[in-house]
Amino acid sequence: MKPIALAAALALCASAALAEPTHVMVRAQSLDAKFIGSQMGGVQVTLRDARTGKVLAKGLTRGGTGDTARIMRMPRERGAVIAGGDTAGFDAVLDLKQPTLVKAEAFGPAGSPASAVQVSSSLWVIPGRDVAGDGWILTFPGLAIEPRATPGADGSLRVEAKVTLMCGCPIEPGGLWDAAQYGVTAALLRGGRQVAQIPLAYAGRPSQFAADLPKVRPGRYVLRIVATDTRTPNAGVVEIPVRISAR
């Protein structure tokens, strides 16, 4: 091998040897609730070099929502870990040669795309210094809504909505997420104008809310469902098209 080629090969080897595999645990936590994992389809996480935009790792958070008592009930001391071995997360392995400002872009929950939001954050990651334990926690505000609309024979509309925290945690009377703390409304829009609105009441099963919208003229509408929490910034909005036929 020629001296120049040999020197280039040695330099390449030396450069490669400098890279250290570094674990970065990324978790997505629902605001005022638990972690977003497999139950809700996980959260799609992309890690980039914040300077160059190069993708360093991509993946979904997988696992359980975590220990309810540890996360939601027990007083938390500084430095105490709240995530267990089966708590949802994405364990990325980055090959870094130097300290790198990493940008996390996360979108989810993947299993409820109509309610998904994007969260981003940046963190300096040092080669060989794993980000472990609770890891890098990204907070997801919002409420996940799964709507259903059933037109009645008289031109009315039966509206049902499953409303949960972004982790899928249930809302129910007297529960940890008390139904009395949440407001859910349904509105019909036509041509961008609201033509009817009604509150949805708790329907007797965890996270289920329902009501009958009054009779309206036949036609195509947009059904908008809004859910809010009176004690936190959490809110959710979904819109679906509905058609009410003449009878």
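Is Thr228 buried, exposed or partly exposed? With a relative accessibility of 33%, Thr228 falls in the partly exposed class, because that class lies between the 20% and 50% limits. The views below come from a predicted model.

**View 1. Thr228 and its surroundings.** Here we're looking at a residue of strand E14, which covers residues 219-229. Skip the neighbours within four places in sequence, and Thr228 is in contact with Leu143, Gln181, Tyr182, Gly183, Asn234 and Ala235. Leu165 is also worth picking out: 63 residues separate it from Thr228 in sequence, while the C-alpha to C-alpha distance is 11 Å.

**View 2. Leu165 and the largest nonpolar core.** This core counts 54 residues, and Leu165 is among those that touch the most other members, along with Leu47, Trp136, Val163, Leu188 and Ile225. The top contributor is strand E9 (residues 157-165), which puts in 5 residues. Zoom in on Leu165 and, leaving out residues up to four places away in sequence, you'll find it touching Ser30, Leu31, Ala33, Met40, Leu143, Ala144, Ile171, Trp177, Tyr182 and Asn234. As a general backdrop, nonpolar side chains tend to be buried together in soluble globular proteins.

**View 3. Ser156, in the loop ahead of the next strand.** Ser156 sits in the loop between strand E8 (143-151) and E9. Ser156 has a relative accessible area of 15%, so it counts as buried. Its contacts, not counting residues up to four places away in sequence, are Thr150, Pro151, Leu213, Pro214 and Lys215.

**View 4. Rings and a charge.** Searching the whole structure turns up 1 aromatic pair. That pair is Tyr202 with Phe209, edge-to-face, with 5.8 Å centre to centre and 80 degrees between the planes. The two partners fall in separate exposure classes: Tyr202 is partly exposed at 28%, whereas Phe209 is buried at 3%. Another ring to look at is that of Tyr221: the charged end of Arg190 sits over it, 4.9 Å from the ring centre.

**View 5. The open sheet E3-E2-E5-E6.** Four strands make up this antiparallel sheet, in the order E3-E2-E5-E6. E3 and strand E6 (117-125) are the edge strands, each pairing on one side only. From one strand to the next, the twist averages 15 degrees. Strand E2 (residues 44-49) and strand E3 (residues 55-60) pair over 5 bridges in the antiparallel sense, and Arg48 stands opposite Val55 in E3. The E2 and E3 hairpin has 5 residues between its strands, and Gly53 there takes a positive phi near 85 degrees. Further along, strand E5 (residues 100-108) is joined to E6 by 9 bridges, also antiparallel. One bridge pair to look for is Leu101 with Trp124 in E6.

**View 6. The open sheet E11-E10-E14-E15.** This is an antiparallel sheet of 4 strands, in the order E11-E10-E14-E15. Strand E11 (193-199) and strand E15 (235-244) stand at the edges with a single partner strand each, so one side of each lacks a neighbour in the sheet. The twist averages 20 degrees from one strand to the next. E14, the strand that holds Thr228, runs antiparallel to E15, and 10 bridges join the two. Gly219 has Ile244 as its bridge partner in E15.

Notes: Residues numbered from 1 in each chain as written. Predicted model: local features only at pLDDT ≥ 70, side-chain atom pairs only at ≥ 80, totals over all residues. Heavy atoms only, no water. Core = buried A, V, L, I, M, F, W, Y, C linked by side-chain atoms within 4.5 Å. Buried < 20%, exposed > 50% of the residue type's maximum accessible area, 1.4 Å probe, protein only. Contact = heavy atoms within 4.5 Å. Phe/Tyr/Trp six-rings, centres within 6.5 Å; stacked < 30°, edge-to-face > 60°. Lys NZ or Arg CZ within 6 Å of the ring centre and 35° of its normal. Pairing = 2+ DSSP bridges. Axes fitted to C-alpha atoms, helices over the stretch in contact; angles between N-to-C directions.
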